[in-house]
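Student: Please pick a single part of this model and go through it closely. I would also like to know how the rest fits with that part.

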Amino acid sequence: MWVTFPFAPTAVTAQRQPVEMQAKTLETILEALRVTPDLILAELALSIGKSLSAAEGATARLVTEEKLRFVGPKKGGLWEVFN
């Protein structure tokens with residue numbers, strides 16, 4: 001039995017494109033951490049309405065841009081927000 005397709009199937013490769021993060025999300029994260037610097041990333045994600053991976057990526061970007069820093073031990077540390 002043969003199956004014919006109206007188009008030729010091609011191999012699809014998944015390529016990750018860099019996603020531009022909205023400035024609004026970054027500002028929301030900075031404001032949330034100014035108010036409550038002891039938030040963990042899971043709580044931060046819930047408070048801003050984003051996924052955990054989005055919160056991780058955004059905080060990593062803010063750390064790279066030197067707008068944010070985590071101070072102290074992994075358990076019990078605080079986020080320090082720079083202007």
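Tutor: A residue counts as buried under 20% relative accessible area, as exposed over 50%, and as partly exposed in between (1.4 Å probe, protein chains only). This is a predicted model, in which local features need pLDDT of at least 70 and side-chain atom pairs count only at pLDDT 80 or more, while totals for chains, interfaces and linings use all residues. Residues are numbered from 1 along each chain as its sequence is written, and side-chain values use heavy atoms, leaving out hydrogens and water.

The part to look at is the pair of strands β1 and β2. Helices (H or I, at least four residues) and strands (E, at least two) are DSSP runs, numbered from the N terminus. Strand β1 covers residues 68–71, and four bridges join β1 to β2 in an antiparallel arrangement; two strands pair if DSSP finds at least two bridges between them. β1 and β2 make a hairpin with six residues between them. In its turn, G72 has a positive phi of about 105°. Across the pair, F70 stands opposite W79 in β2.

Strand β2 spans residues 78–81. In a regular strand the side chains alternate between the two faces of the sheet. In β2, W79 and V81 point to one face and are buried. L78 and E80 point to the other face and are not buried.

E80 also takes part in a salt bridge, meaning a side-chain nitrogen of Lys or Arg within 4 Å of a carboxyl oxygen of Asp or Glu. Its partner is R69, at 2.6 Å from N to O. That pair links distant parts of the chain, R69 lying in strand β1 and E80 in strand β2, eleven residues apart. R69 has a relative accessible area of 41%, so R69 is partly exposed. E80, with 29%, is also partly exposed.

The whole structure holds four salt bridges. R61, E65 and K67 are joined into one network by salt bridges that share partners. Within that network, E65 meets R61 at 3.0 Å, N to O, and K67 meets E65 at 3.6 Å, N to O. R61 is partly exposed because its relative accessible area is 30%. The value for E65 is 34%, which makes E65 partly exposed, and K67 is partly exposed at 32%.

R61 leads on to the helices, since in helix α3 it is one of the residues that meet α1. Helix α1 (residues 23–35) and helix α3 (residues 52–64) pack at an angle of about 80°, with their axes 10 Å apart. Such axes are lines fitted to C-alpha atoms, for helices over the stretch in contact, with angles from 0 to 180 degrees between N-to-C directions. Contact here means heavy atoms within 4.5 Å. On the α1 side the residues are L26, I29 and L30; on the α3 side they are A58, T59, R61 and L62.

A58 lies in helix α3 and is buried, because its relative accessibility is 0%. The C-alpha atoms of A58 and T25 are separated by 7.8 Å, although these residues are 33 apart along the chain.

Helix α2 (residues 41–48) packs on α3 as well: the two axes come within 8 Å and cross at roughly 105°. L41, A42, L44 and A45 in α2 meet L52, A55, E56 and T59 in α3. T59 is thus among the α3 residues listed for the meeting with α1 and for the meeting with α2.
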